[in-house]
Amino acid sequence: MTRSTGTGPVRRGRGRPSRTETAAAPAARDRILQAAREEFSQRGYEKTSVRGIAKVAGVDSALVHHYFGTKEQVFAAAIEIAFAPALDASEAVARGPREDVGERFTRFFLGVWENPTTRTPLLAIVRSAVNNDTAATIFRRLIGAHLLRRIAGQLDTPDAELRAELAAAQLVGVAMVRYVIKVEPLASVDLEQLVTRLAPVVQGHLMNPWDMKNP
């Protein structure tokens, strides 16, 4: 592809987005991320391609590579934004009395899944992570670096990281059965009943008996 200048035609480098395309940022970048979330949600990690994401976003695939690089990097960027609401869980753990931390964490975590706006991209993340090792590695890195370490940092115990992982595993397992696999009656049970049943278990993971008696 060439463009005319005062001294003659100048050829644009192969695989590079045009000036018109790059000038459309950040709108084009946002469209790419939205398209990536949709494609990963509908097709999963393995069946999603950079070309397919570009087509849905209405841009050239070179622009996707320009902003994000590989498909792996596009997935990482897309899920980090989609997972952002869940990252506030550490604030829910820190805010309020320690004897209620299990209920706060449980209510916040399930609340993110109950909201259709945040549930849809989370489903895409989980489904991709279950079916693909690369997606699972990215998801694990995101969970570990941005969520579990933050929660562990709020716990005054020598085994804080293990406690945070056990609490998260409890809730992620419930989310898988309730929202992904949709096994009854768990899939339809009232949210308040679910919180009432789960909160003491999560509390036990996060805080030991000595902590409860000596706040």
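Reader: Why does K182 count as exposed?
Author: K182 has a relative accessible area of 55%, and exposed means over 50% (buried is under 20%, partly exposed lies in between, with a 1.4 Å probe and protein chains only). So K182 is on the exposed side of the cut-off. Before we go on, this is a predicted model, where local features need pLDDT of at least 70 and side-chain atom pairs count only at pLDDT 80 or more, while totals for chains, interfaces and linings use all residues. Residues are numbered from 1 along each chain as its sequence is written, and side-chain values use heavy atoms, without hydrogens or water.

Reader: What makes the backbone at K182 worth a look?
Author: K182 isn't a glycine, yet its phi is positive, about 60°. K182 sits in the loop between α11 and α12. That loop also holds P185, and the peptide bond from E184 to P185 is cis, with omega near 5°.

Reader: Where else does a positive phi turn up, next to α3?
Author: At G58, just after α3, with a phi of about 75°. Helix α3 itself (residues 50-57) has V50, G52, I53, A54 and A57 as its buried residues.

Reader: How many helices are there in the protein?
Author: There are 13 helices, plus two strands. Helices are DSSP runs of H or I with at least four residues, strands are E runs of at least two, and both are numbered from the N terminus.

Reader: How do you know that α2 falls short of a straight helix?
Author: Helix α2 has 21 residues, and a straight helix would reach 30 Å, but the end C-alpha atoms of α2 are only 25 Å apart. The expected span is 1.5 Å times one less than the number of residues. Helix α2 also bends by about 80° at S41, taking the bend as the angle between axes fitted to the seven residues ending there and the seven starting there.

Reader: And what does the check give for α9?
Author: Here the numbers agree: the 16 residues of α9 should span 22 Å, and the end C-alpha atoms are 23 Å apart.

Reader: What makes E39 of α2 buried or exposed?
Author: Its relative accessibility is 7%, so E39 counts as buried. Leaving aside neighbours within four places in sequence, E39 is in contact (heavy atoms within 4.5 Å) with G44, T48, G52, I53 and V56. The buried residues of α2 also include I32, F40 and Y45.

Reader: What about R43, then, buried or partly exposed?
Author: Partly exposed, because its relative accessible area is 47%. R43 lies in α2 too. The C-alpha atoms of R43 and S128 are 8.7 Å apart, although 85 residues separate the two in sequence. S128 is one of the buried residues of α9.

Reader: Why are α8 and α9 called roughly perpendicular?
Author: Helices α8 (residues 101-114) and α9 (residues 116-131) pack at about 90°, with axes 6 Å apart. Roughly perpendicular covers 65 to 115 degrees, so α8 and α9 qualify. The contact is made by V112, W113 and E114 of α8 with P116, T118, R119, L122, L123 and V126 of α9.

Reader: Which residues touch the most other members of the largest nonpolar core?
Author: I32, V59, W113 and L206, out of 57 residues in that core. Helix α10 (residues 133-152) gives the largest share, 10 residues. A nonpolar core is a set of buried Ala, Val, Leu, Ile, Met, Phe, Trp, Tyr and Cys residues joined through side-chain atoms within 4.5 Å. Beyond four places in sequence, W113 is in contact with R119, L122, L123, V126, A175 and Y179.

Reader: How do you know that L147 and T137 get different labels?
Author: Both lie in α10. L147 is at 3% relative accessibility, so L147 counts as buried. T137 is at 34%, so T137 counts as partly exposed. The C-alpha atoms of L147 and A168 are separated by 9.3 Å, with their positions 21 residues apart along the chain. For T137 and A76, the C-alpha distance is 10.0 Å across 61 residues in sequence.

Reader: How much of the protein is buried?
Author: Buried residues make up 42% of its 215 residues. As for contacts between residues at least 6 apart in sequence, 66% join residues at least 24 apart.

Methods:
Axes are lines fitted to C-alpha atoms, for helices over the stretch in contact, and angles run from 0 to 180 degrees between N-to-C directions. Angles under 35 degrees count as roughly parallel, over 145 as roughly antiparallel, 65 to 115 as roughly perpendicular and the rest as oblique.
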